[in-house]
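This report goes through one structure in terms of its cysteines, salt bridges, helices and core. The sequence and coordinates come first.

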Amino acid sequence: MTKPKKPKLTKLAKRVRDPNSRYWLLRADAAWSRVIRSGGKCEICGQTKLLNAHHILPRELLTWRHEPWNGLCLCARCHKWDPTVSPHLNPIWFERWLMTHRRADYTYALLAWAAFALLAAYAYG
């Protein structure tokens, strides 16, 4: 008797089976974005259309990438295009806004950033 051959897995099936695959990271990103945008309006100007999810700490810091406190709902204008309020174009203004309007998240982000810097300095310095 010969053993039956195992069916060949598709690329998607292989990705789904690997818990560290990019497939799961992108699904988690999409879920996080939906949670952040579920507020329904821009936290700076109040607009309800073309909403984006913005990370307070960079997405590259995987430890905090999908934490709810690390995101805020912004319209496309406030997120990327308006040079007076965009976190990407005017980070100093945005830091002050965050300190005033989301004090607890601002404090937590500072502590998380400091912890990351200490760990990086210890590991590489």
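The sulfur of Cys-45 has its closest cysteine sulfur in Cys-75, at 3.6 Å, which is too far for a bond. The model is a predicted one. Cys-75 in turn has its closest cysteine sulfur in Cys-78, also at 3.6 Å and again too far for a bond. A disulfide requires sulfur atoms within 2.5 Å, and the structure holds zero disulfides. The surroundings of the two cysteines can be stated as well: Cys-45 is partly exposed, with a relative accessible area of 37%, while Cys-75 counts as buried at 1% relative accessibility.

Cys-78 also appears in the contacts of Ser-86. Ser-86 sits in the loop between α3 (76–81) and α4, and at 0% relative accessibility it counts as buried. Which residues are in contact with Ser-86, leaving aside neighbours within four places in sequence? They are Cys-78, His-79, Lys-80 and Pro-91.

**Salt bridges**

The whole structure contains five salt bridges. Three of them are listed here.

| Pair | Closest N to O distance |
|---|---|
| Asp-29 and Arg-59 | 3.7 Å |
| Glu-43 and Arg-102 | 2.8 Å |
| Arg-102 and Asp-105 | 2.6 Å |

In the salt bridge of Asp-29 with Arg-59, the closest N and O atoms are 3.7 Å apart. Asp-29 belongs to helix α2 and Arg-59 to the loop between β1 and β2, so this pair ties together parts that are 30 residues apart in sequence. Asp-29 is buried, with a relative accessible area of 12%, whereas Arg-59 is partly exposed at 40%.

The side chains of Glu-43 and Arg-102 meet in another salt bridge, at 2.8 Å from N to O. This pair links distant parts of the chain, with Glu-43 in the loop between α2 and β1 and Arg-102 in the loop between α4 and α5, 59 residues apart. Glu-43 counts as partly exposed at 33% relative accessibility, and Arg-102 counts as buried at 16%.

Arg-102 also forms a salt bridge with Asp-105, with an N to O distance of 2.6 Å. Asp-105 counts as buried at 17% relative accessibility. Elsewhere, salt bridges that share partners join Asp-29, Arg-59 and Arg-65 into one network.

**Helix α2**

α2 has 16 residues, and its first and last C-alpha atoms are 22 Å apart, close to the 22 Å expected at 1.5 Å a residue. Its buried residues are Asp-29, Trp-32, Ser-33 and Ile-36. These cover an arc of only 100° around the axis, which puts them on the same side of α2. What covers the buried residues of α2 includes β1 and β2. Asp-29 thus appears twice in this description, as a buried residue of α2 and as the partner of Arg-59 in a salt bridge.

**Helix α5**

α5 has 22 residues, which at 1.5 Å a residue should span 32 Å; its end C-alpha atoms are 31 Å apart, in agreement with that value. Which residues of α5 are buried? They are Asp-105, Tyr-106, Ala-109 and Ala-112. Seen down the axis of α5, the buried residues fall within an arc of 130°, so they line one face of the helix. The face turned away from this buried side carries the exposed residues Ala-104, Leu-111, Leu-118 and Tyr-122. The cover over the buried residues of α5 includes α4.

Trp-69 is in contact with several residues of this region. Leaving aside neighbours within four places in sequence, the contacts of Trp-69 are Ile-56, Leu-57, Trp-64, Arg-102, Asp-105, Tyr-108, Ala-109 and Ala-112. Among them, Arg-102 and Asp-105 are the two partners of the salt bridge at 2.6 Å, and Asp-105, Ala-109 and Ala-112 are buried residues of α5.

**Nonpolar core**

In soluble globular proteins, nonpolar side chains tend to be buried together. The largest nonpolar core here has 22 residues, of which Cys-42, Leu-57, Trp-64, Trp-69, Leu-72 and Leu-98 touch the most other members. Two or more residues each come from α2 (22–37), β1 (51–55), β2 (71–75), α4 (91–101) and α5 (103–124). The largest share, four residues, is that of β2. Two of the residues that touch the most other members, Leu-57 and Trp-64, are also in contact with Trp-69.

Notes. Residues numbered from 1 in each chain as written. Predicted model: local features only at pLDDT ≥ 70, side-chain atom pairs only at ≥ 80, totals over all residues. Heavy atoms only, no water. Core = buried A, V, L, I, M, F, W, Y, C linked by side-chain atoms within 4.5 Å. Buried < 20%, exposed > 50% of the residue type's maximum accessible area, 1.4 Å probe, protein only. Contact = heavy atoms within 4.5 Å. Expected span 1.5 Å × (residues − 1). Arc of directions from axis to C-beta. Salt bridge = Lys/Arg side-chain N within 4 Å of Asp/Glu carboxyl O.
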